[in-house]
Structure formats: structure tokens, C-alpha cells
Amino acid sequence: RIAHGVYHSAVARAREPLFYNSFGVSDSLDGRFDMISIHVFLILHRLKGGSRAARRLSQDIFDIMFSDMDRSLREIGVGDLSVGRKVKAMAKALNGRIANYDKGLHQQASLEEALIRNLYRGQQPSDRILFLMAQYVRDVSIFLSQQDENDILKGHINWGALPAMPS
């Protein structure tokens with residue numbers, strides 16, 4: 001129940017219209033997957049290295065995400081025979097994003113490159129949008145790191161502020 005709540009909190013934040021209307025994220029299956037991936041990464045990153053319960057919650061969130069992806073693909077009409085293959089590819093993609101975003105939290109250029117490659121699918125957003133999106137990812141990571149693990153284990157997630165509006 002708690003893992004479902006935490007995952008759905010990430011999905012709710014990822015669906016904020018600001019990301020699609022002002023930050024140029026594609027309002028498509030791929031764009032939504034990438035926004036959810038960023039927010040799930042941020043939770044998993046926060047829980048990494050935590051207690052046994054934190055690591056278990058992290059795994060549960062990962063599993064719930066791909067159960068949700070499976071359900072979503074079936075709802076949009078992807079055939080039963082290809083759903084498993086697509087979900088497996090999405091899990092592999094998330095693992096790659098996790099590695100790149102983790103590295104990027106410590107290197108501005110790496111995070112921006114990962115955002116261009118994944119979130120923007122190779123399309124170069126304006127320098128201002130890219131900077132603000134990278135700053136948002138870093139700010140949320142810091143904000144989550146300051147939250148008590150026990151609160152998170154109870155399902156209390158505070159994402160902090162949305163990114164500043166690009167001018």
C-alpha cells in the first residue's frame with residue numbers, strides 16, 4: 001500500500017502540466033514515461049543506501065512501476081504478445097536512465113546530456129529550459145535527501161517546489 005502511494009505520488013508530480021506546457025516535454029507515451037522515470041529515479045536515489053526497509057520499498061516501487069506500465073500498454077491496445085517485450089525494454093531503459101541521472105547529480109554537463117538524450121529524445125531545448133530542468137532534478141534530490149527516512153517509509157513524500165518558469 002505504501003509503495004503504491006509513493007509511486008502514485010511520483011506519477012502525479014510527473015503529470016504536472018508545467019512540464020509539458022512550459023518545459024517542452026512531449027505529452028506522449030514516451031514523454032510521460034520519461035517524466036515518471038525521473039521522479040521514480042529521485043525516490044529510488046533517496047532510498048538507496050538506506051535501511052533494509054528502504055531498500056525493500058525501493059524494489060516494491062520499481063515493481064509497481066512496471067506492473068503499471070504493463071497495464072497501461074494493455075489499455076492502449078498493445079497486443080498481449082508484445083507487452084512483455086516492451087515492458088522489458090522499458091525496465092532496461094529505466095536502469096540506464098538511473099545510472100545516467102545518478103552520475104548527472106554530480107556533474108551538470110552529464111545531467112544535461114542525459115536529459116537531452118532521454119527526456120527530450122535528442123531534441124535540444126533552449127539553454128534556459130535545460131538549465132532549469134537540470135536544476136529541478138538536483139533541487140528535488142536535495143529536498144528528498146533532507147526528508148526523514150521513516151516519514152518516507154510511512155508514505156509521506158514532499159516533492160518541494162515545481163521548477164521555476166522559463167522566461
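Which residues of H1 are buried? In this predicted model, the buried residues of H1 are Ala3, Val6, Tyr7, Ser9, Ala10, Val11, Arg13 and Ala14. The helix itself covers residues 2-14, 13 residues in total. From first C-alpha to last, H1 reaches 18 Å, close to the 18 Å expected at 1.5 Å a residue. Its buried residues pack against five helices by name: H2 (17-21), H3 (29-47), H4 (52-75), H7 (127-145) and H8 (149-153).

Tyrosine 7 is one of the buried residues of H1. With neighbours within four places in sequence left aside, tyrosine 7 is in contact with Ile36, Val40, Ile61, Ile64, Met65, Asp68 and Met69. Tyr7 is also among the residues with the most contacts inside the largest nonpolar core. The others in that group are Ile61, Met65, Phe66, Leu115 and Met133. This core has 56 residues. Two or more residues come from each of H1, H2, H3, H4, helix H5 (80-104), helix H6 (108-119) and H7. H3 gives the most, with 10 residues. In soluble globular proteins, nonpolar side chains tend to be buried together.

Aromatic pairing was examined next. The structure holds 3 aromatic pairs. One of them joins phenylalanine 62 and phenylalanine 66. The ring centres are 5.0 Å apart, and the planes make an angle of 50 degrees. The pair is therefore classed as tilted, since its angle is neither under 30 degrees nor over 60. Both residues lie in helix H4, 4 residues apart, about one turn of the helix. An α-helix has 3.6 residues a turn, so residues three or four places apart point the same way. Both phenylalanine 62 and phenylalanine 66 are buried. Phe66 also appears among the residues with the most contacts inside the largest nonpolar core.

Two further residues illustrate local features. Serine 141 is in helix H7. Its relative accessible area is 12%, so serine 141 is buried, the cut-off being under 20%. Not counting residues up to four places away in sequence, serine 141 touches Leu42, His45 and Leu105.

Arginine 121 lies in the loop between H6 and H7. Its phi is near 50 degrees, a positive value in a residue other than glycine. Most residues other than glycine have a negative phi. Arginine 121 counts as partly exposed because its relative accessibility is 40%, between the limits of 20% and 50%.

Methods: Residues numbered from 1 in each chain as written. Predicted model: local features only at pLDDT ≥ 70, side-chain atom pairs only at ≥ 80, totals over all residues. Heavy atoms only, no water. Expected span 1.5 Å × (residues − 1). Buried < 20%, exposed > 50% of the residue type's maximum accessible area, 1.4 Å probe, protein only. Contact = heavy atoms within 4.5 Å. Phe/Tyr/Trp six-rings, centres within 6.5 Å; stacked < 30°, edge-to-face > 60°. Core = buried A, V, L, I, M, F, W, Y, C linked by side-chain atoms within 4.5 Å.
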